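Me: Please present the structure. A few questions about it will follow.

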Amino acid sequence: MENRINKKFIQLKAENRGGFIPFIVAGDPNLETTEDLILELAEKGASVIELGVPFSDPVADGVTIQASAERALQNPISVKGILEIVASVRKKGCETPVILFSYFNPILQFGLENFAEKAKDAGVDGILVTDLVPEEAAEFRSILAENDLALIMLAAPTSSDERLAKICAHASGFVYAVSRAGVTGARNETSSDAENLVQRLRNHTNLPIALGFGISTSAQVTETWKYADAAVVGSAIVAEMMRLSPDIKEVPGDFVERIGEFAGNLLPKA
Amino acid sequence: MNNFQPDERGYWGEFGGRFVPETLMSPLEELTTAYFAVRDDRDFQAEFLHLLQDFSGRPTPLFHAKRLSETLGGAQIYLKREDLGHTGSHKINNAIGQILLARRMGKKRIIAETGAGQHGVATATVCALFGLECVVYMGTEDMRRQALNVFRMQLLGAEVRGVDSGAKTLKDAINEALRDWVTNVDSTYYLLGSALGPHPYPLMVRDFQSIIGREARQQILEKEGRLPEMLVACVGGGSNAIGLFHPFLNDESVRMIGVEAGGKGNNLGEHAARFNKAGGGKIGVLQGTKSWLLQDENGQIALTHSISAGLDYASVGPEHAFLQSIGRIEYALADDVEALAAFQTLSKTEGIIPALESSHAIAHVLKIAPEMSPAQTIIVNLSGRGDKDVNQVQEMLAGK
């Protein structure tokens with residue numbers, strides 16, 4: 001398959017490396033800066049970039065990403081606007097896989113088919129919908145598949161083996177393992193549930209497995225790579241963005257560079 | 001005869017389902033299994049009925065509001081007196097049912113959300129009854145409006161956690177309760193208070209609240225010897241309304257009207273009328289269920305407004321959405337001013353101070369009863385008493 005996600009994981013495997021997946025919320029502090037951040041994170045070694053679609057009611061998110069979404073929503077923001085910045089980074093030659101991380105309602109209102117077509121045209125590679133479980137995902141999955149877009153499914157430590165089988169049957173691109181029962185947010189240690197979940201998932205899929213929720217240090221990324229194919233870092237980066245630019249109207253001139261440096265430091269040195 | 005059950009995925013037509021983070025799916029499956037095990041269990045139902053009677057004081061009366069009926073000069077108005085149940089609203093019915101289930105499931109920690117505080121008080125009450133830890137999430141705007149209920153919950157031993165996000169009302173309290181649940185799934189039972197959220201909550205809450213309609217149906221047959229022409233109830237999430245309506249759904253001659261909060265205007269953000277397309281109502285997904293939803297063109301959930309905290313919510317229970325779609329239930333609006341007038345009218349005419357939520361239902365009756373004949377009857381669900389609202393109403397009438 002030509003999908004950038006598959007190619008990237010094949011490449012990582014060939015190089016015997018783990019993947020690094022930074023997460024940012026689109027529109028925080030503004031969409032132009034988000035575009036620059038995508039380019040910068042790609043430059044600093046991101047394997048895949050996870051772009052959050054801000055939502056008014058983010059029940060799966062902890063305080064950091066909630067606050068970031070609130071900042072983003074201070075300006076009018078649409079799925080269309082987010083797809084436009086992805087199209088723009090593709091025009092600039094960036095080939096790093098980009099997936100959207102969204103709640104279902106903004107996508108549903110944009111229209112599932114409309115979304116799939118426009119996302120493909122823009123150069124998006126996949127989407128993860130945090131409140132779309134396999135039982136509700138069939139229609140959207142087939143629409144995405146027609147457009148060669150991956151549906152990234154989440155698996156949780158509370159998922160039974162029966163559920164993991166269902167999740168993996170719907171998944172494409174990679175499977176996102178949630179490290180612990182809870183909301184997003186930085187932790188200094190990864191839950192012991194995490195490795196167990198990744199091992200259980202291997203019984204059901206050959207897809208790469210990324211681990212997320214609570215990974216916030218380079219040491220945790222290294223630890224994650226021992227058993228998972230990639231590590232997602234979200235809240236730690238988002239918190240640094242809010243620290244560097246507490247006012248979204250006054251973004252420091254070196255903001256993008258400093259976030260790039262921060263993210264680069266999360267990537268363990270070879 | 002239609003039994004109006006959802007399918008196994010929790011759908012009524014295209015409404016309902018389960019739109020939650022994967023972490024909550026196993027707990028929801030566990031809850032569904034546990035609920036279906038007790039649904040037809042005699043011991044459980046006997047225990048439920050026993051507490052409804054001896055702890056809560058059921059059956060609640062069906063009261064013929066003669067002076068109000070005469071004043072309006074139309075239909076005979078009957079009030080289903082849920083305000084007389086323990087804790088002062090219908091919320092206790094569901095709280096008793098779910099706490100018995102939580103005990104059977106071995107859960108030690110109970111969480112709940114609350115808008116007006118009535119569900120929070122009911123939950124704190126049943127937790128006190130069984131000695132269980134209780135945490136109630138409540139928007140800080142609602143805490144301000146309903147300070148008396150905050151204190152009642154604290155007196156009952158519950159911890160009230162203020163929620164400062166969004167509009168600081170019911171929707172935000174539900175978000176925070178869901179975040180707590182997803183973090184503490186093993187120990188915690190989420191005692192959701194309305195016919196909302198992911199399957200099986202809309203079904204379970206409706207079942208526990210259907211005692212209202214079963215009693216009312218029997219009572220009106222005893223008093224009038226026939227079924228009423230019309231049922232009226234306010235609709236926030238929709239639990240008191242579905243509780244009254246459900247046992248009458250197969251009685252085709254009975255009209256049913258759900259009354260939403262018209263707030264202070266028809267623009268998005270000024271009301272809580274989810275079925276109002278012109279006001280921004282559209283089908284969508286929020287907090288685990290697919291239903292009608294107040295939202296902007298980008299799918300962001302809109303702020304809502306009502307003088308009544310219990311109706312101030314952006315979505316509506318999925319069974320209501322379904323019954324609206326097939327035309328079985330009609331929906332109407334009462335705005336802030338009309339509800340406030342109805343609050344005073346019922347107080348002066350019948351000596352009953354209604355909750356501001358229930359005042360919306362009364363407001364609609366004031367409009368529609370005069371158009372009906374004195375030989376016809378209306379049952380209106382007086383879902384709660386107004387003591388909690390007296391301070392707020394005093395301020396509003398003083399023009400503050």
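Me: Is E141(B) buried, partly exposed or exposed?
Reply: In this predicted model, the relative accessible area of E141(B) is 25%. Buried means under 20%, exposed over 50%, and partly exposed in between (1.4 Å probe, protein chains only). E141(B) is therefore partly exposed.

Me: With which residue does E141(B) meet in a salt bridge?
Reply: A salt bridge is a side-chain nitrogen of Lys or Arg within 4 Å of a carboxyl oxygen of Asp or Glu. The partner of E141(B) lies three residues away in helix α6 (residues 140-145) of chain B, about one helical turn. The partner is exposed, with a relative accessible area of 54%. At 2.9 Å, N to O, E141(B) meets R144(B).

Me: How many residues apart are R90(A) and D125(A)?
Reply: The two form a salt bridge, with their closest N and O atoms 2.9 Å apart. Both ends are buried: R90(A) has 12% relative accessibility, and D125(A) has 3%. R90(A) is in helix α4 (residues 79-91) of chain A and D125(A) in the loop between α6 and β4 of that chain, a separation of 35 residues.

Me: Which residue of β5(A) is the bridge partner of L128(A)?
Reply: Strand β4 (residues 126-129) of chain A pairs with β5(A) in the parallel sense over three bridges. Six of the six residues of β5(A) (150-155) are buried, so the rest of the structure largely encloses this strand. A150(A) and L154(A) share one buried side with the partner of L128(A). That partner is I152(A).

Key. Residues are numbered from 1 along each chain as its sequence is written. Chains are lettered from A and ligands numbered from 1 in the order in which they are written. This is a predicted model: local features need pLDDT of at least 70, side-chain atom pairs count only at pLDDT 80 or more; totals for chains, interfaces and linings use all residues. Side-chain values use heavy atoms; hydrogens and water are left out. Helices (H or I, at least four residues) and strands (E, at least two) are DSSP runs, numbered from the N terminus. Two strands pair if DSSP finds at least two bridges between them.
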